[in-house]
Amino acid sequence: MLTLGPTLETPRLILRPPTLQDLDGFAAMMADPESARFIGGLQPRSNVWRAVCAMAGSWVLQGYAMFSVFEKSTGKWVGRVGPWMPDGWPGTEVGWGLLREHWGKGYASESSAATIDWAFDNLGWTEVIHSIAPENTPSKQVAQRLGSRFLRMGHLPAPYDADPTEIWGQSREEWRTRKK
């Protein structure tokens, strides 16, 4: 199996580019109404396969994409987190999506912080955003824990363009100043 990008470690997690071995985890997340609610909605396995391949392709074509996240202690697939900016996206995003069984453990904040560091240090980004549905209070709380703030209203590209999204984020300088 070919891994197309870096492996990052946090105190409790391992992050690496997704492979087809992660398909069952991705498919389980997108088959759960609550886990999938704000990240594209319920998806059949065939669509999830395409999404995993798109992430792998993004690593090849852009040099970044979401990471698969695993618990160090169990090796379980937790979710996907990381840099993401498809064509027409409202900015340089670090986003997150976790299996519901892993909510409330701080994994979204922990893994997102690692990927924000990586994005600023390796991609040259000057801003990180988080596209958050207005009713997604838990993700707003994660964004706040990361030091992000509401910046503006925006829209995602089709097929997700029907509803406005809140754009949260911060500059590289704000991130680095806060971390000191």
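**Reading helix packing and residue environments**

Tutor: Let us begin with a single residue: Gly-57 is located in helix α3. Please keep in mind that the model is predicted.

Student: How exposed is Gly-57, and how is its relative accessibility read?

Tutor: Residues under 20% relative accessible area count as buried, those over 50% as exposed, and those in between as partly exposed. Gly-57 has a relative accessibility of 23%, and is therefore classed as partly exposed. Its C-alpha atom is separated by 9.1 Å from that of Leu-4, although the two residues are 53 positions apart along the chain.

Student: How should one describe two packed helices?

Tutor: The description rests on the angle between the two axes and the distance between them. Take helix α1 (residues 23–31) and helix α3 (residues 45–62): their axes are 9 Å apart and the packing angle is about 125°. That angle is why α1 is called oblique to α3. The crossing of α1 past α3 is right-handed.

Student: Which residues make the contact between α1 and α3?

Tutor: On the α1 side they are Leu-23, Asp-24, Phe-26, Ala-27 and Met-30, and on the α3 side Arg-45, Val-48, Trp-49, Val-52 and Met-55. Sorted by class, this contact of α1 with α3 contains eight nonpolar residues, two charged residues and no polar ones.

Student: How do the axes of α4 and α6 lie relative to each other?

Tutor: Helix α4 (residues 107–122) and helix α6 (residues 172–179) have axes that come within 11 Å and cross at roughly 125°. The pair α4 and α6 is therefore oblique. In this case α4 passes α6 in a left-handed crossing. From α4, the contact takes in Ala-113, Ile-116, Asp-117, Phe-120 and Asp-121; from α6, it takes in Arg-172, Trp-175, Arg-176 and Lys-179. The residues in this contact of α4 with α6 comprise five charged, four nonpolar and no polar.

Student: Which residues touch the most other members of the largest nonpolar core?

Tutor: A nonpolar core may be read through its members' contacts with one another. The largest one here has 43 residues, and those touching the most other members are Phe-26, Val-48, Trp-96, Ile-116 and Trp-125. Helix α4 gives the most to this core, contributing six residues. Leaving aside residues up to four places away in sequence, Ile-116 touches Val-94, Val-128, His-130, Leu-146 and Trp-175.

Student: Where is Ile-39 placed, and what does Ile-39 touch?

Tutor: Ile-39 is placed in the loop between α2 (33–36) and α3. With a relative accessibility of 21%, Ile-39 is counted as partly exposed, because the buried class ends at 20%. Apart from residues up to four places away in sequence, Ile-39 touches Met-29, Met-30, Arg-80, Trp-96 and Gly-97. As for Met-29, it is ten residues from Ile-39 along the chain, and the C-alpha atoms of the two are separated by 9.8 Å.

Student: Is the peptide bond from Ala-158 to Pro-159 cis or trans?

Tutor: The omega angle is the quantity to read for a peptide bond. Between Ala-158 and Pro-159 omega is near 10°, and the bond is cis. Pro-159 is placed in the loop between β7 (149–155) and β8 (164–171).

Student: How exposed is Tyr-160?

Tutor: Tyr-160 is found in the loop between β7 and β8, and its relative accessibility of 41% means that Tyr-160 counts as partly exposed. Sequence separation and spatial separation are again read as two numbers: Tyr-160 and Asp-24 are 136 residues apart in sequence and 24 Å apart in space, C-alpha to C-alpha.

Terms used
Residues are numbered from 1 along each chain as its sequence is written. This is a predicted model: local features need pLDDT of at least 70, side-chain atom pairs count only at pLDDT 80 or more; totals for chains, interfaces and linings use all residues. Side-chain values use heavy atoms; hydrogens and water are left out. Axes are lines fitted to C-alpha atoms, for helices over the stretch in contact, and angles run from 0 to 180 degrees between N-to-C directions. Helices (H or I, at least four residues) and strands (E, at least two) are DSSP runs, numbered from the N terminus. Angles under 35 degrees count as roughly parallel, over 145 as roughly antiparallel, 65 to 115 as roughly perpendicular and the rest as oblique. A crossing is left-handed if the near helix is turned anticlockwise from the far one by less than a right angle, and right-handed if clockwise. Contact means heavy atoms within 4.5 Å. Ala, Val, Leu, Ile, Met, Phe, Trp, Tyr, Cys and Pro count as nonpolar, Asp, Glu, Lys and Arg as charged, and the others, Gly among them, as polar. A nonpolar core is a set of buried Ala, Val, Leu, Ile, Met, Phe, Trp, Tyr and Cys residues joined through side-chain atoms within 4.5 Å. Buried means under 20% relative accessible area, exposed over 50%, partly exposed in between (1.4 Å probe, protein chains only).
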